[in-house]
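Visitor: Please take one loop and look at it closely. Then work outward from there, step by step.

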4 protein chains.
Amino acid sequence: MADLLVPGAHRARGLLDDAALVRAMLSVEVAWSRALSETGGATAAQAAAVERAAAGWSPLLDPGDVEDAGNPVLPLVTALRERVADPEVAALVHAGLTSQDVLDSALQLLAGEALGRIRTELGQGAAALARLAREHRSTVMAGRTLTQYAVPVTFGLTAAQWLAAILDAAERLGDVRRSLPVQCGGAAGTLARVSAVVPDPAATAAAFARHLGLRAPALPWHVRRTPVTRLGDALAETCDALGVLAADVLTLGRPEIGEVAEGAVAGRGGSSTMPHKRNPVLAVLVNGTALQAPQLAAQLHLAAARSVDQRPDGAWQAEWPALLRLLEVTVVAAAQSAELVRGLRVHADVMRRRADDAAAHLLAERPGGTGGDPATYLGASEAFVDAVLRRYDEERTDDT
Amino acid sequence: MADLLVPGAHRARGLLDDAALVRAMLSVEVAWSRALSETGGATAAQAAAVERAAAGWSPLLDPGDVEDAGNPVLPLVTALRERVADPEVAALVHAGLTSQDVLDSALQLLAGEALGRIRTELGQGAAALARLAREHRSTVMAGRTLTQYAVPVTFGLTAAQWLAAILDAAERLGDVRRSLPVQCGGAAGTLARVSAVVPDPAATAAAFARHLGLRAPALPWHVRRTPVTRLGDALAETCDALGVLAADVLTLGRPEIGEVAEGAVAGRGGSSTMPHKRNPVLAVLVNGTALQAPQLAAQLHLAAARSVDQRPDGAWQAEWPALLRLLEVTVVAAAQSAELVRGLRVHADVMRRRADDAAAHLLAERPGGTGGDPATYLGASEAFVDAVLRRYDEERTDDT
Amino acid sequence: MADLLVPGAHRARGLLDDAALVRAMLSVEVAWSRALSETGGATAAQAAAVERAAAGWSPLLDPGDVEDAGNPVLPLVTALRERVADPEVAALVHAGLTSQDVLDSALQLLAGEALGRIRTELGQGAAALARLAREHRSTVMAGRTLTQYAVPVTFGLTAAQWLAAILDAAERLGDVRRSLPVQCGGAAGTLARVSAVVPDPAATAAAFARHLGLRAPALPWHVRRTPVTRLGDALAETCDALGVLAADVLTLGRPEIGEVAEGAVAGRGGSSTMPHKRNPVLAVLVNGTALQAPQLAAQLHLAAARSVDQRPDGAWQAEWPALLRLLEVTVVAAAQSAELVRGLRVHADVMRRRADDAAAHLLAERPGGTGGDPATYLGASEAFVDAVLRRYDEERTDDT
Amino acid sequence: MADLLVPGAHRARGLLDDAALVRAMLSVEVAWSRALSETGGATAAQAAAVERAAAGWSPLLDPGDVEDAGNPVLPLVTALRERVADPEVAALVHAGLTSQDVLDSALQLLAGEALGRIRTELGQGAAALARLAREHRSTVMAGRTLTQYAVPVTFGLTAAQWLAAILDAAERLGDVRRSLPVQCGGAAGTLARVSAVVPDPAATAAAFARHLGLRAPALPWHVRRTPVTRLGDALAETCDALGVLAADVLTLGRPEIGEVAEGAVAGRGGSSTMPHKRNPVLAVLVNGTALQAPQLAAQLHLAAARSVDQRPDGAWQAEWPALLRLLEVTVVAAAQSAELVRGLRVHADVMRRRADDAAAHLLAERPGGTGGDPATYLGASEAFVDAVLRRYDEERTDDT
């Protein structure tokens, strides 16, 4: 499919493409061989032979073969077995796994990489938002509800709310990332095949997970897709947070409002026909992503709800493109948002002037009169900013 | 809208209807008056007057007024102020709150009630599934993947997987339930108005939360909707789990398979035209619910992503019906599922006979020959059952 | 479920509630008896007895019975048979139908009523938009793309685009309305049962359709749900059109822009805390609806895609609430939008002043200089307005 | 994104990828130059120079430039202008268009190609289904409703229902295809810029459409997205139809039912671990696609509902990946389905035997006794088959 229609896709380059997937699937097969060898199902030499065969190898799989198999695992296993010349070693490759074990584990690996990237980008965005919240802790601006003037707020509080949403999302992404599980069940989730060659299949599964840096779950999740839906939910939550930020920037950056602007970057935001126009491109793209994430996450739940039998007849297949796309757009949106907030220009003077001009509206609620200085009716705004900044400081420390 | 088209809706009767909502909104207003009185914003007598006015009162709100206000809070506040005769007390009602504070908090109260009910039903279902998993720990049956025979499994493992999914969901629902927050921000999320009448608005907010049995969050979440989306995600996860169970029961209960059947209940499952037919009604209804939950949860994310300004211009409004419907169908599906598994008839003999008949397929994977007894190729099935039952026992103990 | 959370729901009162559904189902049963009597399956006296029994009768169905049956048809048929004293006549009631025949047909009847209402409201809205387009054919305003100033447009063109979208939607709704089909297939879509009592079941089906004012399709559509998905698609298209209008009104009505405003209506748009605030309630509510329709229509497609066997095991059930809700919110949004545009206040002076102030931006594209009057760079704006008005006039004439 | 996770994606190769998109965008720019030259905005030589510059040229666009512009049009226009050496000609390239004109038109071109392919594949599938319906017009089989035995049907009727759904979809796709519009509005939908260089911009737009084989709409549809949503709705309807077929094949092909089977193809449907297994791969993949289409189509409606201002701030961008993906999966699913039904093996003997065995259930509804031959209780089954076949024959003739 056309990458040109996901502007910014290059920010996720190499993370989620076919080559990365093949590499992850090979890592899974290698880890399995090593796990077998460490738990009595193969010799160390055999595992090493598999590892050597896979090292630095990037096979191109035939798409017809992929369709015939219904997924890319069988063609890859066939190719890997051919590459491992020794038939005894070849027989060990993938022995006891099912294709879903490999693909699910590989996708968790890719998700882990993508989540790492997302969290880094969110961290950058959070740092910039914390600076904005601190700097504009007392920058008064008009509060707007249902599009109309409400009471005064501060730009610091606005930034703090954006920041709090990102901290929420980052926390949940962190939980998900720490719990990414390996998939290991064999043909129908019983580990029957591997049980025939190792004394303790649970030990094999544990070694498998350890080699991949994934969690060893208590039992297979071929048809119990919480690892996938929770990942999707956390990504959607992330996009929700970024989408609100972007939508607010778009509103506040309308020329009639003019309270913020995307940073000027040479060559960015130009129009194909209007020479002097500067479009808020990053905010537009992030806003567009936020309109897509809910459907993609819903796709994962729907697939989860249809995960029937011991392994399903279409639901699993329906997960893949949605999961990859959701990971990709979240990586891209997180990076675009980080750049957006780092470059954001805040026109505190415009905010102040507008608040003063609209004071009659903004202070209409105040008991005892409608006039006065909007900055004297900010309630707990600063305390709220401080609470978010405290949380930010604590969580940043926790991360180190 | 027609309740007749949500068969089983009576199982959630009284939890999520207009009367419950009005009651919850009144509780919120009463709690606010008490919180004001405890933190310096009103006298105890004034708070008591509000409480008396609300006690046992069920006003019918005019739908035209609700539309004019855009939500039911303003008409309710107006009615409550009228009912509180004393103008000084009337002025205290709702003082410092915005309509979103009241409605968000009220919906969290309703959600708390509904989550309690859902968890009770899931607990009943889990108990029945634990019995089935234990009883059928060694009941061999054909494993089926992509609709075709795979390797043997046990019915105990099948039930254990259903159970594990329910435990996952119940855990997450529990997390959500423990963190249901009060909403308390005033007109634009700054607590400005209440700050003008109490010395420490944070203390007022804390008291408010305490009276309602909700959590006091660090700052308002008018436009940071994680409390709503996390609730929706957990409900969708629950429906996913129930949907898999129902879909599997439907497949295994097809007449050509006949390995399980819904319990016979007089008058249930009849056809309007075929006298001897027994439809698996509960499974059908739960399956239908599982097809609805993903879209409803997606609706909440979409609304979250559009929660702009200090309070949004349609996104908040778009949450309400989806949230209520999702809560309702999850209550109903949890209850139907509990009844379904409690009554489930398991035909272990049919399972065994089929596994024997299909042994050539089921054992084709086994190294060294395809014949033999399927029950000898179960791998870690029993260990997996035991792991889930251990978890079940532990979590049940935790709950007491 | 709480109606209070669908502000404006009273605008659809009586169209889509339980009473309307029961009435429609009774009409279906009566029409069937008459069709039988006219085509050799019953006597005229028997049909008249059924009709008498149903006339003016509004049974309350037991929700437990509805759940046991999986839908409300069987309880209704049972009650109707009891009410028809004569056992021979009772046996004729529903003879040859399946519950899906009755419920699908009844929902098509309700849809027909709702579509009629929607088209009336759209017609009112279209008339108002046509007036606005005509009146403001040359009212220059700033064009805005990606939130920034582009080239000048006219408010007439903006209104004409809104109008064109409504004409598109109304046209499609009209197509759907004219093709609403009766459902008539019997237990598994073969008309076997009725074939045993009438000589020509197709004639019976045709008479059945004629009595209900529905189309007689070539064959049953129990599991071929195009009538439902096309209805849903047309409703979503309608809500898309109304949503754009509402979103534009919300933007143009922001206080910093101030080019339009919702008409002032006493008691509407008040805030629960800010005395002088006027919220654009209608636009907010319509905007909220537009965020809901896509998921509801998707629900119908999803159900369609899962309509397996001769009649499905959950997918059909998953249609009902989404279909009713989508009909309801479209009726409400169409009515709210009609009222919104009829009352819309257009500040042509503000538009003009802004266009003049922003002329440097608005005219930057123009070859040969950036200054001048925005009104001289309107391209085909007026021709486009005229084209839409011509279409409006033609289609209005067609409708009479 | 990984193509390996859309098994069968090679069936749409070249239709919807970056190269095809760039080619289509160049066609649009060339067509525009020609349209200008034919209507007074350029000389024939200038248009020919643009055409020469674009002929056989496949520029690689820099993804950073694409992001900076927010879409791939501006980078392409810049590159094309550079390639056209003569500055006067370069200035003509894209003169009067906006990027949305180019991208929308290019996507309509791609959609036209894809729709052509889909209709061809549906035609092949329809032909095979017509053969099956005819051949099995009287092949009795058990009818199944809510998973349980209902009354007898024929396999011919089952195939005829699948066929009717495909004919419905093909008809709607045909309507959409015939009405694919060009986009032509300039910066804000007024054609202002081109109006400055040609006497009759409508004539230019008409010529533009003619060169591209698209329809010239009455006015631009930058923010009135019915052309996109109707396309999406028709594609979803197509996937619904294919999904039902696939789901039914999966059920009927379960080993315990065994009434149909996917045709055996060497190397297809193998398992990575179970040597003798044959997975119904095509049906599984089509079923998986049907679970994805509804969300993708909903994405288009959601974007439509958010198409604000004169050109929107994220909604348009949110359309692209969903539209491309939906086109792609529909092409793939249509091709897989055609192959599936052409190769389908129908076990009429198994159907007959089962119907006989289940006769007591299948005939329970019949007045006057439950025994007998299921083939004598088929009602209008054959007439329904004939009606669908007649429609098929007529529409096939219409197509030639």
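**A loop residue and its surroundings**

Guide: Start at Asp309(C), which sits in the loop that links helix H12 (293–305) to helix H13 (315–343) of chain C. Keep in mind that this is a predicted model. The backbone first. Phi of Asp309(C) is near 60 degrees, a positive value, and the residue is not a glycine. Now the surface. Asp309(C) has a relative accessible area of 6%, so it counts as buried. The cut-off for that word is under 20%.

Turn to the contact between chain D and chain C. It draws on 70 residues of chain D and 70 residues of chain C. The area buried there is about 6,100 Å². Carbon and sulfur atoms give 60% of this area. On the chain D side, Asp309(D) is among the residues that lose the most area to chain C. The others named with it are Thr190(D) and Phe384(D). Together these residues account for 9% of what that side buries.

Position 309 comes up again in chain A. Asp309(A) is touched by Thr251(B), setting aside residues up to four places away in sequence. Other contacts of Thr251(B) on that count are Ile257(B) and Arg254(D). Thr251(B) belongs to helix H10 (residues 226–252) of chain B. Its relative accessible area is 11%, so Thr251(B) is buried. Within chain B, Thr251(B) and Thr147(B) are 104 residues apart along the chain. Their C-alpha atoms are separated by 9.8 Å.

Next, Leu146(A). It is in the loop between strand S1 (140–145) and strand S2 (148–154) of chain A. Phi of Leu146(A) is near 50 degrees, a positive value in a residue other than glycine. Its relative accessibility is 10%, so Leu146(A) counts as buried.

Stay in chain A for Asn287(A). This residue lies in helix H11 (residues 281–290). At 3% relative accessibility, it is buried. Leave aside its neighbours within four places in sequence. Asn287(A) then contacts Gly243(A), Ala246(A), Ala247(A) and Leu250(A), as well as Arg306(B), Asp313(D) and Gly314(D).

Now the helix packing in chain A. Helix H10 (residues 226–252) and helix H13 (residues 315–343) of chain A have axes that come within 9 Å. These axes cross at roughly 35 degrees. H10(A) and H13(A) make a left-handed crossing. On the H10(A) side, the contact includes Val228(A), Leu231(A), Gly232(A), Leu235(A) and Thr238(A). On the H13(A) side, it includes Glu319(A), Leu323(A), Leu326(A), Thr330(A) and Ser337(A). By class, this contact has 14 nonpolar, four polar and one charged residues.

Set beside that a helix pair in chain C. Helix H1 (residues 18–38) and helix H4 (residues 73–83) of chain C pack at an angle of about 60 degrees. Their axes are 11 Å apart. The crossing of H1(C) and H4(C) is right-handed. H1(C) brings Val22(C), Met25(C), Leu26(C) and Glu29(C) to the contact, and H4(C) brings Val73(C), Leu76(C), Val77(C) and Leu80(C). The classes here are seven nonpolar, no polar and one charged.

Then the nonpolar cores. In soluble globular proteins, nonpolar side chains tend to be buried together. Here the largest nonpolar core has 277 residues. Leu21, Phe155 and Phe208 of chains C and D touch the most other members. Take Phe208(D). Residues up to four places away aside, its contacts include Val28(D), Ala31(D), Trp32(D), Leu97(D), Val182(D) and Cys184(D). Ser105(D) and Gln183(D) are in its contact list too. A second, separate core has 276 residues, including Leu157(A), Ala297(A), Ala54(B) and Ala283(B).

For contrast, look at a partly exposed site. Thr120(D) is in helix H6 (residues 99–135) of chain D. At 48% relative accessibility, Thr120(D) counts as partly exposed. Thr120(D) and Ala338(D) are 218 residues apart in sequence. From C-alpha to C-alpha they are 9.5 Å apart.

Finally, chain A as a whole. It has 16 helices and four strands. Its C-alpha trace spans about 85 × 45 × 35 Å along the principal axes. Of its 400 residues, 71% are buried. Among contacts between residues at least 6 apart in sequence, 77% join residues at least 24 apart.

Conventions: Residues numbered from 1 in each chain as written. Chains lettered and ligands numbered in written order. Predicted model: local features only at pLDDT ≥ 70, side-chain atom pairs only at ≥ 80, totals over all residues. Heavy atoms only, no water. Axes fitted to C-alpha atoms, helices over the stretch in contact; angles between N-to-C directions. Helix = DSSP H or I, 4+ residues; strand = E, 2+ residues; numbered from the N terminus. Left-handed = near helix turned anticlockwise from the far one by under 90°. Contact = heavy atoms within 4.5 Å. Nonpolar A, V, L, I, M, F, W, Y, C, P; charged D, E, K, R; others polar. Core = buried A, V, L, I, M, F, W, Y, C linked by side-chain atoms within 4.5 Å. Buried < 20%, exposed > 50% of the residue type's maximum accessible area, 1.4 Å probe, protein only. Buried area = accessible area lost by both parts, 1.4 Å probe.
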